[in-house]
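Open your viewer and get ready to select residues by number. We will go from stop to stop, with something to look at each time.

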Amino acid sequence: MITRRSLLGGLAAAPVLLHTGTAGAAGLAAGTEFAALRAKAFGLLTGVPFDPADPAFAAPLARLDASASALHAALDRAAGRTVLWADQPLTGIAGTAGSYQRLRTLALARATPGTSWYGRPDLATDVLAGLDLLYDRAYNETKRETGNWWFWEIGAPRALLDTCVLLHDLLSPEQRAAWLRAVDRFCPNPDRRANLPTLAETGANRADKALIVALRGVVGENAEKLALARDGLSDVRDAGRNSLFRLVGSGDGFYADGSFVQHGVVAYTGSYGVVLLQSLSSTLGLLGGSSWEVRDPAVAVVLDAVERTYAPWLHDGLMMDAVRGRAVSRQAGRDHHAGRDAVDAILQLAAGAPAAYAGRFRELAKGWVSRGRFVELAGIPAIARARAVLADPTVATAPRPSGHHVFAAMDRVVHRRPEWSFALSLSSTRIAMYECGNGENYRAWYQGDGATYLYTDLDHYSADYWPTVDSYRLAGTTVDTRRRDPAVSVSGTGAFRARNAWAGGTTVDGYGVASLDLMAAGSTLVARKSWVCLDDAVVCLGAGISSTDGRPVETVVDNRGGAGALTRGTGWAHLAGVGGYAFPAGEGGGLRTLREVRTDSWRAINDGADTGGSADPVSREYVTLWFDHGPDPADASYAYILLPGATPEQTSAYDRAEILANTASVQAVTAHGRSVGGGKLFAAVFWAAGEAGGVTADAPCTVLVRQAAGRIRVAVADPGRSTATVTVRLGRPAHRVVTADPAVSVDLGENAAITVTLSGSRGRTHTADLAIGGKGQA
C-alpha cells in the first residue's frame with residue numbers, strides 16, 4: 001500500500017553529528033566530499049553495511065524482495081506504453097508520485113544485499129527507463145501543478161531523488177540534469193510553496209523540503225542547494241520566523257507545553273510531528289560532519305521535544321491515535337507504524353546528540369522496542385539501530401512511565417500509569433474537532449468531542465478499530481444521535497472547529513482534572529464534561545446536558561473491540577480483559593449495553609488517491625456501554641468511574657473516590673488511599689464562582705488540591721482563557737509557603753487562599769506548595 005508519507009520513507013537515518021569541531025575534513029576536495037555524502041545517503045536508504053545472512057534481517061529482506069517481485073511482475077515494459085502500472089495513471093499527479101515510489105522500491109531491492117534482485121542489471125535498466133517515461137510524460141520543468149500540491153513538491157521529488165541516490169553511477173549526465181531540473185521546478189528551496197510563492201513553509205512540510213533540497217544537492221553536487229537545505233531548517237531567509245528549532249505561540253510547530261500543531265489548528269504530534277522528526281533527524285544526520293553541518297544552537301528545541309512532546313504519547317512503542325488526526329483512517333499507517341517511525345527517528349537523533357540526551361533517548365527506545373512491535377515492522381536500517389541498543393548492557397531499559405500531561409496548546413490530555421494509559425481528545429475555538437479531506441477520515445465527527453482512549457494492551461486501536469467501530473459512539477463522547485453525512489472538505493483538507501472556548505485542565509504530582517464545555521456542531525446539544533485522573537481510576541462526570549432538537553442524546557461509557565465477558569452487578573460492570581466500571585449513587589441503573597459484530601471496510605473511511613484502504617470487509621466484535629438521556633434532555637447528568645485492569649471484586653468494592661458535586665456550575669471529586677498514593681486529592685471544575693468540599697473559587701477555573709506528608713500542593717488553570725484572576729480558598733490551614741509560581745500570591749492562615757493571575761497563561765497550570773505546620777512565610 002502506497003501512502004503519502006511512505007513516499008518519504010526511504011532515507012531513514014544517519015548518525016546526527018550536532019557538535020563537531022570542524023565543518024568537514026580539512027583539505028577535502030569538493031568532489032570527494034560530495035561522494036562521501038552520496039555514500040552516506042546510500043547507506044541510510046539500504047542499511048549497508050549489514051550481514052544479509054543474519055536472521056534478524058530475514059523478515060525485512062523477505063518483505064522487500066516480495067514487494068519488488070510483485071511490482072516488477074506488474075510493470076508494463078511494452079513498447080509504446082503510456083503508464084508504468086495500470087493502476088497508476090499518469091493523468092493525475094498521485095499516479096505519477098506513486099510510480100516514482102514503486103521505482104524507488106525496485107531500485108532499493110537491486111541495491112540491497114540479500115534480495116533476489118541484488119545487482120541485477122536488467123532491473124536497473126527497467127527503472128531508468130521508467131524514470132525517463134515519467135519525465136517525458138508527467139513530471140518535468142514544463143509542467144504546471146494540478147491537483148494536490150504535496151505530490152508535486154514533496155512526494156514525487158523525494159522518491160525520484162532516493163532512486164537517483166540508489167542508481168547514481170548508472171545515470172547518464174543528460175538524465176541527471178533533466179531530472180534535477182524537474183526537482184528544481186517544484187521544490188527549489190525549503191522556504192516557500194512553489195505554486196504559491198507568498199506562502200512560507202512550516203512544520204513537517206518545511207522539514208520534508210529541507211531533506212529533498214539536501215538530497216538534490218548531493219545528487220547534483222551543488223553546494224548552494226546544500227546550504228539552502230541547512231538554512232531552511234533555521235529559516236535564515238525569514239530571520240527564523242518559521243524555524244523548526246523555535247517554540248511557537250500560535251500556528252504550526254512546537255509549543256513550550258509540548259504540544260505540536262500542524263495545519264494551524266490540528267493536534268498532530270503523532271502524524272505530521274513524526275514526519276517532521278524523521279526528516280529533521282535524516283537531514284541533521286546527512287549533513288553532520290560535512291561543510292554544511294547544522295550548527296544552530298536552537299536545535300536543542302528538537303532534542304528537548306523527545307521527552308516533552310513525543311514520549312508522553314508513545315505507549316509501549318505505539319503512537320496514540322488522539323494525536324494522529326486524519327491519519328487514523330489509513331490502513332497502512334496505524335498506531336504501531338507511527339510509533340515505529342517516531343522511535344527510529346529518536347534513535348537517529350541519539351547517534352549524535354550530546355551525551356545526556358543520547359543516553360536518555362536510548363533508554364527510552366530500549367523500553368519501547370522491547371515491549372512493542374518495532375522489530376516486527378521495521379526495515380533493515382532501523383532494525384540495525386534497535387539491535388545495537390537492545391544488545392548494549394550499558395543502556396538501561398526505561399520502564400513504563402507515570403504522569404499526567406496537559407497539552408493546553410492543542411487541547412489534548414494524556415494520563416500515564418505503568419499498567420495502562422488514558423488519553424483525551426478535546427476541541428475548542430482554537431483547536432479543531434477533527435480534520436478530514438483528500439478522501440480521508442470520512443467518519444471523524446466526534447473525534448474531538450471528549451473522545452477517550454484507554455490503552456490496556458497493544459491491539460485495541462490497531463486491530464481494524466477505525467473502520468469497524470460505531471463512529472456515532474466513540475468512548476467518552478456525549479452525542480446527538482442525528483444522522484451524519486461523510487466528513488469532507490470542499491478543497492484539499494479541512495479542519496473543523498467547535499464553538500466552545502473552554503477545553504483543558506490542571507495537573508499536579510502526576511494527577512489531573514480535565515474538562516470540556518461541549519457545544520455540539522450542528523445541534524443545540526450542550527454539556528459540561530469533566531475527567532479526574534487518579535492512580536487506579538478515571539472519574540468521568542457530565543452535567544447540564546441539554547438539547548431541544550427532538551433527538552435522543554447518548555453518553556458513551558466505552559466501546560471495546562475484542563473484549564471478553566461482560567459482568568453486571570449493582571452499581572458496577574466489568575469487562576474481561578479491560579477492567580471495571582463503577583457507577584456512584586445508583587448511576588448504573590440506566591446503563592445500556594450491546595454486544596455486536598460490526599463489519600465494514602477501510603475503504604469506507606478512506607478512499608484517498610494514495611492512502612485509500614482496501615474494500616475487503618473486516619469484522620470485529622464490540623461491547624458498547626452507554627447512557628441514553630432520551631430526546632430533548634434538560635440538565636441531564638451522568639457519572640461513572642473507569643477502573644483499568646480491575647477485577648470484578650475490586651470493581652464492586654471500589655470506594656476511594658467520592659463525587660462531591662456534579663452540576664453545570666461545579667463538578668468536584670475527592671479521592672484518597674491507593675487512588676492517590678496516600679493522602680487526599682481534591683479536584684474540581686468551577687464553571688462559575690462556587691464552592692465544593694469546603695473549597696471556594698470566585699471565578700471560573702479548574703483546581704487540584706493534594707494533601708500529603710504535611711504539605712498542600714495547589715494547582716489552578718483557566719481552560720476557558722477568560723478569567724483574569726481567581727482566588728481559591730482552600731478550606732484548610734497552611735502556615736508557610738514552600739514554593740509558588742510567580743503568578744501566585746498566598747494568603748496563609750487557618751483558611752488559606754491563593755490568588756492566581758491567569759491573564760495570558762493560555763491554559764497553563766499554576767502551582768503553590770504550602771506547608772501545614774510552621775508559622776510565617778519562608
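**Stop 1: a loop residue and its partner in geometry**

Start by selecting Asp632, which is partly exposed, with a relative accessible area of 38%. Keep in mind that you are looking at a predicted model. Asp632 sits in the loop between strand E24 (618-631) and strand E25 (636-644). Check its backbone angles: phi of Asp632 is near 50°, a positive value in a residue other than glycine.

Now select His263, which is found in the loop between strand E4 (260-262) and E5. What is the phi of His263? Phi is positive here too, at about 60°, although His263 is not a glycine. Is His263 buried, partly exposed or exposed? His263 is partly exposed, because its relative accessible area is 29% and the partly exposed range runs from 20% to 50%.

**Stop 2: inside the protein**

Next, switch on a cavity display if your viewer has one. How many cavities of 30 Å³ or more does the structure hold? There are eight of them, and the largest has a volume of about 130 Å³. To find this largest cavity, select Ala322, Gly325, Arg412, Met433 and Gln447, which are the closest to its centre among the 15 residues that line it.

Colour the secondary structure as well. Strand E5 (266-267) and strand E11 (432-437) are the elements that give two or more residues to this lining. Which of the elements gives the most? That is E11, with four residues. By type, the lining of the largest cavity divides into nine nonpolar, three polar and three charged residues.

**Stop 3: a pocket**

Now select Tyr255, Asp257, Ala408, Ala409 and Arg762. These residues lie nearest the centre of the second largest pocket, which is lined by 23 residues. The volume of this pocket is about 470 Å³. Try colouring its lining by residue type: you should find nine nonpolar, nine polar and five charged residues.

**Stop 4: a covered helix**

Select residues 203-220 to bring up helix H7, which has 18 residues. Draw a distance from its first C-alpha to its last: H7 reaches 26 Å, close to the 26 Å expected at 1.5 Å a residue. Is H7 mostly covered or mostly open? H7 is mostly covered, with 17 of its 18 residues buried. While you look along the helix, here is a handy rule: an α-helix has 3.6 residues a turn, so residues three or four places apart point the same way.

Then step just past the end of H7 to Glu221, which takes a positive phi of about 50°.

**Stop 5: a strand with two neighbours**

Select residues 766-771, which make up strand E37. Five of the six residues in E37 are buried, and the strand is mostly covered. Add strand E32 (residues 711-717): six bridges join E32 to E37, and the two run antiparallel. For a pair to zoom in on, pick Arg711, which stands opposite Ala771 in E37.

Now add strand E34 (residues 736-740), which is joined to E37 by four bridges, again in an antiparallel arrangement. Here, look for Thr739, which stands opposite Asp769 in E37.

**Last stop: a cis peptide bond**

Finish by selecting Val48 and Pro49. What kind of peptide bond joins Val48 and Pro49? A cis peptide bond links them, with omega at about 5°. Pro49 lies in the loop between helix H1 (30-46) and helix H2 (58-74).

Conventions:
Residues numbered from 1 in each chain as written. Predicted model: local features only at pLDDT ≥ 70, side-chain atom pairs only at ≥ 80, totals over all residues. Heavy atoms only, no water. 1 Å grid on protein atoms, 1.4 Å probe; cavity = no way out; pocket = protein on both sides within 12 Å on 5 of 7 lines; lining within 4 Å. Points joined across faces, edges and corners; volume = space filled by probe spheres on them. Nonpolar A, V, L, I, M, F, W, Y, C, P; charged D, E, K, R; others polar. Buried < 20%, exposed > 50% of the residue type's maximum accessible area, 1.4 Å probe, protein only. Expected span 1.5 Å × (residues − 1). Pairing = 2+ DSSP bridges.
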